[in-house]
Amino acid sequence: MCGIVGYIGKKQAAPILLDGLSKLEYRGYDSAGLAVRDGEKDPVVVKAKGRLKDLSDKTAEGTTVFGCCGIGHTRWATHGEPSENNAHPHVSDGMNVVGVHNGIIENYQELKAKMIRKGYSFYSDTDTEVAIKTVDYYYRKYGVGPIDALAKTMVRVRGSYALAVMFKDYPGEIFVARKDSPMIIGLGEDETYVASDVPAILKYTRKVYYIGNLEMARLSAGQVTFYNLDGDTVEKPLTEITWDAEAAEKGGYEHFMMKEIHEQPKAILDTINSVVRFADGTASDGRTVAGKASIDLSSVGLTDEEIRKFRQIHIVACGSAYHVGIAAQYVIEDLAGVPVRVELGSEFRYRTLLLDPDDLVVIISQSGETADSLAALRESKEKGVRTLAIVNVVGSSIAREADYVFYTMAGPEIAVATTKAYSAQLVSCYILGIQFGLVRGTLSQEKADRLIQELSTLPGKIARILEDKERLQWFASKLSPAHDIFFLGRGLDYAICMEGSLKMKEISYVHSEAYAGGELKHGTISLIEEGTPVIGVLTQKDLIEKTISNMVEVGSRGAYLMGLTTNGNFSIEDQADFTYYIPRTDEHFTPSLAVVPLQLLGYYVACARGLDVDKPRNLAKSVTVE
Ligand code: M6R
């Protein structure tokens, strides 16, 4: 979603702002802007609708805008259409307050009406302009400093925000405020950065502060002071970002998505190695694993005693992370015998919650900032239920607020369509399933050992699938003209279909649906006509025949059929026009292998249609608003 970058130091701010914003492009946006101050002069504000390149062209790559203090923004429209007028930064009269904002001000209409009564007029449709003018109002009315004006605004505003603001009377300073929207502050040598996400400033500094919820900060070159809502100063630890800056670059691949698909073996291996200890003391290399292994969840914070007590697990997540939850439900219930419910974050928060104090709520989120998932976490905590976060971004809101955190080790994921984070989340859930099973006595030590050994073969098996990707590229060229594509499967295969279908539609814009095979006759089959592509996923021994029957049913109505199955199931070829085999593994873990060809299919169909694979239209990487 929207991105924020700010800089104060000795260098020219505009090129740094543009560079930082370019690192946030993956979040999704439709316009961009910046405001830069040269000493005590008024800020120069430049905005452009469309790509960041348009803003860069307008300012000759930032060289025509002078000054060492500035804020920049990429906007993803929520209030008001994508336009130059609605783009940030927004300003109050006389450039008294100039600011950028991520998030949503829910009561902006009420505040706007109040500001109009106070004599303010508005030039845009945005909630951000309302926020900036509200800050201006309190600043002027009470003659207080910027921190007090921000605090007064914060208690009147409902919603979520990361705000970065410059005040006319405070040259060389930026003031920020945050609630439920990510924001970090970076410290360099005599310079200070602010950003909504780490990649924006990683090139310049690795030292960051995480500003807390309902907190503010005053930034000047090389200095930061934090405040709480009462205006009292707050101490914060400076944290070192350990990410490799290279990891956020394309590394020779045409798209981040393809690079990240290829990083899945490493993401899985790193996630396994973060909690699995091998008896001989050496970590798995992904191909050969010697000796016994055991799972150690001490870094997550979960004790065996706690694991034994949980009555039920509620997995809450959105999008692909929800699909991980669906797969995890099958695996955890089967291995550990604990009832698992899976809920969409957006639904969980709006229904009567029958949570028991002995339940465990598991929030799965790559970004750790998804608004609905975060709200579900908070609601669960309010009800006294313990929460476990499976999160990729270190220091994100969900990671900070959950009782237990299982970090996936996928590294920075830039493409909007998740691949390696999804895979790392799946593996985390398998590990939880195994450990819960072992501790609760539903799994023998011997079976658990076998499962852990099998887990460590997944990276090598994925690497083998990736070596054979050209066959999928060929098949994708047949699918690319399609209007609709259906995915069919049962049990765990259905969970894989859900993710395969989302991958297809979100980047190729081809309508697609995942169906539990048995549901076909209850509606969808009427959509099948000559040439409709149907992809059957068949990895679960006991369900293969059932899904083959479904494929026969749609095949006899003209469907163009692909079968995705494990090595050895050659009978599928009798029914399918194209069959793709994945290596054999324990059936609980087949989602990790079967999803890879489906990610590749989505990718290749999108490429064949000439689309912007990494930045699909209307989508944002991190959905920080409801
Ligand atoms: O950051 P999160 O994992 O919480 O994000 C959840 C979804 O927004 C995300 O998985 C989305 O569905 C992806 N774009 C799918 O590729």
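Is E506 buried or exposed? I looked that up before anything else, and E506 is buried, at a relative accessible area of 13%. The cut-offs I used: buried is under 20% relative accessible area, exposed is over 50%, and partly exposed is in between (1.4 Å probe, protein chains only).

**Ground rules**

I'm working on a predicted model, where local features need pLDDT of at least 70, side-chain atom pairs count only at pLDDT 80 or more, and totals for chains, interfaces and linings use all residues. Residues are numbered from 1 along each chain as its sequence is written, and side-chain values use heavy atoms, with hydrogens and water left out.

**Entry: E506 and its partner**

I checked what E506 pairs with and found a salt bridge to K503, the closest N and O atoms being 3.2 Å apart. For the record, a salt bridge here is a side-chain nitrogen of Lys or Arg within 4 Å of a carboxyl oxygen of Asp or Glu. Both E506 and K503 sit in helix α17 (residues 492-508), three residues apart, about one turn of the helix. Helices (H or I, at least four residues) and strands (E, at least two) are DSSP runs, numbered from the N terminus. K503 counts as buried too, with 0% relative accessibility.

**Entry: other salt bridges**

Side chains of opposite charge can pair when their charged atoms come close. I ran the count and got 30 salt bridges.

I pulled up E263 and K259, whose side chains meet in a salt bridge of 3.0 Å, N to O. K259 is buried, with a relative accessible area of 7%.

Next I opened D296 and R277, which form a salt bridge at 3.6 Å, N to O. D296 is in the loop between β17 (293-295) and α8 (304-309) while R277 is in strand β16 (residues 276-278), so this pair ties together parts that are 19 residues apart in sequence. I also noted that D296 is partly exposed, with a relative accessible area of 26%. R277 is partly exposed as well, at 36%.

One network went into the notes: K179, D180, R378 and E401 are linked by salt bridges.

**Entry: domains 2 and 3**

How is the chain divided into domains? I have domain 1 (3-245), domain 2 (256-456) and domain 3 (465-611), with bounds that come from an automatic or database domain assignment.

I then looked at how domain 2 and domain 3 meet. Their C-alpha centres lie 26 Å apart. The contact (heavy atoms within 4.5 Å) takes 29 residues from domain 2 and 25 residues from domain 3. The area buried between domain 2 and domain 3 comes to about 2,300 Å², and carbon and sulfur atoms give 70% of that. Buried area means the accessible area (1.4 Å probe) that two parts lose on being put together, summed over both. On the domain 2 side, M258, H323 and Y330 lose the most area to domain 3, together 22% of what that side buries. I looked for salt bridges between domain 2 and domain 3 and the count is zero.

**Entry: three buried residues**

What does S428 touch? Leaving out residues up to four places away in sequence, I found T271, I390, F406 and T408. S428 lies in helix α13 (residues 420-440) and counts as buried, at 0% relative accessibility.

I452 is in helix α14 (residues 445-455), and at 3% relative accessibility I452 counts as buried. With the same sequence neighbours left out, I452 touches V276, A293, S294, I295 and I434. I452 and Q435 are 17 residues apart in sequence and 9.9 Å apart in space, C-alpha to C-alpha.

L598 lies in helix α19 (residues 590-608) and is buried, with a relative accessible area of 2%. Its contacts, not counting residues up to four places away in sequence, include F487, I496, K503 and V537. The C-alpha atoms of L598 and V537 are separated by 9.9 Å, with their positions 61 residues apart along the chain.

**Entry: a surface patch**

Which residues make the nonpolar surface patch of about 220 Å²? I got V155, L214 and L229. Patches are made of residues with over 30% relative accessible area and no salt bridge: like charges are joined within 9 Å, nonpolar side chains (Val, Leu, Ile, Met, Phe, Trp, Tyr) within 5 Å. Accessible areas come from the Shrake-Rupley method with a 1.4 Å probe; for residues, only the protein chains shown count as cover. V155 lies in helix α5 (residues 146-156) and is exposed, with a relative accessible area of 54%.
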